[in-house]
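Biologist: I am new to reading protein models, and I would like to look closely at just one part of this one. Could you pick a helix and walk me through its surroundings?

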Amino acid sequence: MALALRPLRRRNLHLLPHPTRLSTSASPPDHRELLRIERILHGPTAAAAEPPQTQEHPLPAAAAAATSSLHHILNRTAGITAAESASLLRRFPGAHTHHRLGRLLDELRGLRLPGGEIRSALESDPDGLLAMDPGEPTRLLELLHDLRCRKAVKDQVLAHGALRAAVAARRRVELLHARGLTRRDALSVLAREPRAILYGLEDVERKVEFLVNTMGFEIGWLVQYPEFLGVNLDNWIVPRHNVVEHLRSVGGLGDPIEMKHYVRLSRRKFYNMFVKPYPECERIFGGPVRESEEKMMRRRHPTGLWKLFTPTKHERTQDDVTNMKLFVEPLR
């Protein structure tokens, strides 16, 4: 190789680096460096088009120590292997992120959650859990612990563990925050209407879009009426909105419609106020309430039950009549 390069070196001395860099007195020449020089000598444009060679540099000592510490913390906190922790940490590169994750994992470990709950949360939604800032898990767990709702709703929210419920609550907080609410208001909405945690993210987003784009209300109304996120959209909100839109088109609305008419009026009260005076609205509303109530009244008792309350009839013979007369005559 050296003999082949001698005539070329004389013609292209200006392209070569300093001769001392190729000195072989201490060690043999690197074949990769020789190949690079040969490419430069044969075609200067080829070197410009050639992508730069990536050299593998070892991680700094501080970064390697931080990564090793995170592996150790993940193993102690969630009981996951080194391969699993490495897969998780690839999603959050950077020294600053590793510092935040270390503080977050230390906080999770200090919460003393039941065994396997942190691992379950990592398996169900690793991005949602590891994207939290230090302090968020404690705040969300306190919110879930202080929920004021029916016991059945709270049990259903915490059915898969408090930490998974906290991750689901944070997902909904971030969704409402992206739509315009502050995080403080979004937390108050979830605290007053925990049924929103039971609905999927797609359902919550669909309700918010219907509220803003179709009904024309601002997102801030959810702070005053959080029940909107806890009711069924297709069975509760959409029929009422269709009735209101029909009445608005025919001029049947006297007063403006507010959010309370959609979420806080019972089905019967909404029917008596907006549907009953207009028979054409019964089909829009989804069937008359009056007929369904009358059917329930008629079906209160099983068919034929009235026969059990009829007194038994006994046959009367001529001897029974004679005996009764003989018994009554002395009493006169």
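Modeller: Happy to; what follows is a tour of helix α11, its partners and the pocket beside it. Keep in mind that this is a predicted model. Helix α11 covers residues 162-178, so find that stretch in the structure before reading on.

Let's begin with the partners. Two packed helices are described by the angle between their axes and the distance between the axes. Take helix α9, residues 136-145: its axis and that of α11 come within 9 Å and cross at roughly 100°. An angle from 65 to 115 degrees counts as roughly perpendicular, and α9 and α11 are therefore roughly perpendicular to each other. On the α9 side of this contact you will find E136, L140, L141 and L144, which meet A162, L163, A165, A166, A169 and R170 in α11. Sorted by class, the residues of this contact are eight nonpolar and two charged, with no polar ones.

Now turn to helix α14, residues 201-214, where the angle with α11 is about 25° and the axes are 11 Å apart. Angles under 35 degrees count as roughly parallel, and α11 and α14 are therefore roughly parallel to each other. The crossing of α11 past α14 is right-handed. Here R171, R172, L175 and L176 of α11 meet L201, V204, E205 and V208 of α14. This contact has five nonpolar and three charged residues, and again no polar ones.

A further partner is helix α7, residues 117-124, whose axis comes within 8 Å of the α11 axis, crossing at roughly 35°. From α7, the residues E117, I118, S120, A121 and S124 meet A162, L163 and R164 in α11. Polar residues do appear in this contact: the classes are four nonpolar, two polar and two charged.

Finally, let's look at empty space. Rolling a probe the size of a water molecule over the atoms shows where empty space is left. The largest pocket has a volume of about 300 Å³. It is lined by 14 residues, and those closest to its centre are H160, R164, A165, A168 and I197. Elements giving two or more residues to this lining are α10 (151-157), α11 and α13 (195-198). Which of them gives the most? That is α11, with six residues. By class, the lining holds six nonpolar, four polar and four charged residues.

Two residues tie these views together. R164 is among those closest to the pocket centre and also meets α7, while A165 is among those closest to the centre and takes part in the contact with α9.

Methods
Residues are numbered from 1 along each chain as its sequence is written. This is a predicted model: local features need pLDDT of at least 70, side-chain atom pairs count only at pLDDT 80 or more; totals for chains, interfaces and linings use all residues. Side-chain values use heavy atoms; hydrogens and water are left out. On a 1 Å grid over the protein atoms alone, a cavity is a set of points where a 1.4 Å probe fits but cannot get out, and a pocket is an open set with protein on both sides within 12 Å along at least five of seven lines; lining residues have an atom within 4 Å of a point. Grid points are joined across faces, edges and corners, and a volume is the space filled by probe spheres set on the points. Helices (H or I, at least four residues) and strands (E, at least two) are DSSP runs, numbered from the N terminus. Ala, Val, Leu, Ile, Met, Phe, Trp, Tyr, Cys and Pro count as nonpolar, Asp, Glu, Lys and Arg as charged, and the others, Gly among them, as polar. Axes are lines fitted to C-alpha atoms, for helices over the stretch in contact, and angles run from 0 to 180 degrees between N-to-C directions. Angles under 35 degrees count as roughly parallel, over 145 as roughly antiparallel, 65 to 115 as roughly perpendicular and the rest as oblique. Contact means heavy atoms within 4.5 Å. A crossing is left-handed if the near helix is turned anticlockwise from the far one by less than a right angle, and right-handed if clockwise.
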